[in-house]
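Visitor: Please take a close look at one part for me, the nonpolar core, and set it within the chain around it.

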Amino acid sequence: MNPFVLAAGLLLAGVCVALAALGVIPVRRWFARLRAVPHLFAKAMVLWCVACGTAASGYAMRILSRTGHDPAALLGVILAFFGGELLLMCLKTVLNGNKNRKDDKYE
């Protein structure tokens, strides 16, 4: 990575933190909106796993087209990891059982 790009990124991050500390950037409103979203972590995790699986599939297709080697083992391991992550999250939701949540009432 170019050191100038790294320095510019760090400078931009520092400016954003300084503006947030001064109250110029409304960080509290952003956090209030984020807290209002139900199951935000689960939604973000699903999007992350799908994005990483898509990127891994695209990279596997690139390996196949450039070298001619079959990347099935690599792709299988990567997709199994992210699929397992989604499966664990699904099982946690299903096996959570008797917890009464607001969004689960169908009356």
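Guide: Among the elements of the protein chain, the mean pLDDT (the predictor's confidence in each residue, from 0 to 100) is highest in helix α3, residues 40-67, at 91, and lowest in helix α2, residues 27-36, at 82. Over the protein chain the average pLDDT is 85, and 89% of the residues score at least 70. This is a predicted model, in which local features need pLDDT of at least 70 and side-chain atom pairs count only at pLDDT 80 or more, while totals for chains, interfaces and linings use all residues. Residues are numbered from 1 along each chain as its sequence is written, and side-chain values use heavy atoms, with hydrogens and water left out.

The protein chain has 4 helices and 0 strands, arranged along the sequence in the pattern α-α-α-α; helices are DSSP runs of H or I of at least four residues, and strands are E runs of at least two. Of the 107 residues in the protein chain, 8% are buried, a word that stands for under 20% relative accessible area, against over 50% for exposed and partly exposed in between (1.4 Å probe, protein chains only).

With that as background, the part you asked about can be taken residue by residue. In the protein chain, the largest nonpolar core (buried Ala, Val, Leu, Ile, Met, Phe, Trp, Tyr and Cys residues joined through side-chain atoms within 4.5 Å) consists of 5 residues, namely M45, C49, C52, F82 and M89. Two elements, α3 and α4 (72-94), each give two or more residues to this core, and α3 supplies its largest share, with 3 residues. Nonpolar side chains tend to be buried together in soluble globular proteins.

Seen from one core member, M45, the contacts (heavy atoms within 4.5 Å) beyond its neighbours within four places in sequence are made with E85, L86 and M89, and of these partners M89 belongs to the core as well.

Elsewhere in helix α3 sits Y59, whose C-alpha atom is separated by 8.9 Å from that of L75, although the two residues are 16 apart along the chain. Y59 is classed as partly exposed because its relative accessible area is 46%.

Turning to the loop between α2 and α3, one finds H39 there, and this residue has a positive phi of about 55 degrees although it is not a glycine. Most residues other than glycine have a negative phi. The relative accessibility of H39 is 43%, so H39 also counts as partly exposed.
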